[in-house]
Amino acid sequence: MDADPAAVSERTIRDSVLSNLCSTDATRDILEEDIAMRYSYVFTGSDQTVDLEFTNDDC
């Protein structure tokens, strides 16, 4: 991710990803099969990462 890690909260990333996961049929089908989806975000020029996991319960 090409952004200042101090300017982007984990909650903002989570909300953005979650809205797409829960509204897309293909990803909903995966989540409904009890398969967790994991996302890792790396910030350019930083060693900071944001690791997120989503399950069907999140939707």
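**Entry 1. Burial and the model**

I take buried to mean under 20% relative accessible area. Leu-21 has a relative accessible area of 3%, so I enter Leu-21 as buried. The model I am reading is a predicted one. I located Leu-21 in helix α1, which covers residues 10-23. I then looked up the separation of Leu-21 from Asp-51. In sequence the two are 30 residues apart, and from C-alpha to C-alpha they are 16 Å apart in space.

**Entry 2. Overall layout**

I recorded two helices and two strands in the protein chain. Along the sequence I read their order as α-α-β-β. For the extent of the protein chain, I noted that the C-alpha trace spans about 35 × 15 × 15 Å along its principal axes. I also looked up burial for the chain as a whole: 22% of its 59 residues count as buried.

**Entry 3. Aromatic rings**

How many aromatic pairs does the structure hold? I found two. In the pair of Tyr-39 and Tyr-41, the ring centres lie 6.5 Å apart and the planes meet at 10°; planes under 30 degrees apart count as stacked, so I list this pair as stacked. Tyr-39 also forms an aromatic pair with Phe-54, and here the arrangement is edge-to-face, with 5.9 Å from centre to centre and 80° between the planes. This pair links distant parts of the chain, since Tyr-39 belongs to strand β1 (residues 37-42) and Phe-54 to strand β2, 15 residues apart.

I next checked accessibility. Is Phe-54 buried or exposed? Its relative accessible area is 0%, so I entered Phe-54 as buried. Tyr-39 has a relative accessible area of 25% and is therefore partly exposed. Taken together, the ring pairs link Tyr-39, Tyr-41 and Phe-54 into a cluster.

**Entry 4. Salt bridges within the helices**

I counted three salt bridges. One of them joins Arg-11 to Asp-15, with the closest N and O atoms 3.5 Å apart. Both residues lie in helix α1, four residues apart, which is about one turn of the helix. For Arg-11 I noted 54% relative accessibility, so Arg-11 counts as exposed. Asp-15, at 38%, counts as partly exposed.

Another salt bridge joins Arg-28 to Glu-32, and its closest N and O atoms are 3.1 Å apart. Why are Arg-28 and Glu-32 separated by about one helical turn? I attribute this to their places in helix α2, because they are four residues apart there. I entered Glu-32 as partly exposed because its relative accessibility is 44%.

**Entry 5. Salt bridge between the strands**

I then turned to Glu-53, which forms a salt bridge with Arg-38; the closest N and O atoms are 2.5 Å apart. Which parts of the chain does this pair link? I placed Glu-53 in strand β2 and Arg-38 in strand β1, 15 residues apart, and the pair links distant parts of the chain. With 34% relative accessibility, Glu-53 counts as partly exposed. Arg-38 has 68% and counts as exposed. I note that strands β1 and β2 are also linked by the edge-to-face pair of Tyr-39 and Phe-54.

**Entry 6. Negative charge on the surface**

I looked for charge on the surface and found a patch of negative charge where Asp-25, Asp-29, Glu-33, Asp-34, Asp-57 and Asp-58 gather. I examined two of its members in turn, Asp-34 and Asp-57.

Asp-34 sits in the loop between α2 (25-32) and β1. What is the sign of phi at Asp-34? I noted a positive value, near 60°, in a residue other than glycine. The relative accessible area of Asp-34 is 71%, so I list Asp-34 as exposed.

Asp-57 lies in the segment after β2 (49-54). Its relative accessibility is 75%, so Asp-57 likewise goes down as exposed.

Note on methods:
Residues numbered from 1 in each chain as written. Predicted model: local features only at pLDDT ≥ 70, side-chain atom pairs only at ≥ 80, totals over all residues. Heavy atoms only, no water. Patch = residues over 30% accessible without salt bridge, like charges linked within 9 Å, V, L, I, M, F, W, Y side chains within 5 Å. Areas by Shrake-Rupley, 256 points an atom, 1.4 Å probe, with all protein chains shown as cover. Salt bridge = Lys/Arg side-chain N within 4 Å of Asp/Glu carboxyl O. Lys, Arg positive; Asp, Glu negative; His and termini not counted. Charge placed at Lys NZ, Arg CZ, Asp CG, Glu CD. Buried < 20%, exposed > 50% of the residue type's maximum accessible area, 1.4 Å probe, protein only. Phe/Tyr/Trp six-rings, centres within 6.5 Å; stacked < 30°, edge-to-face > 60°.
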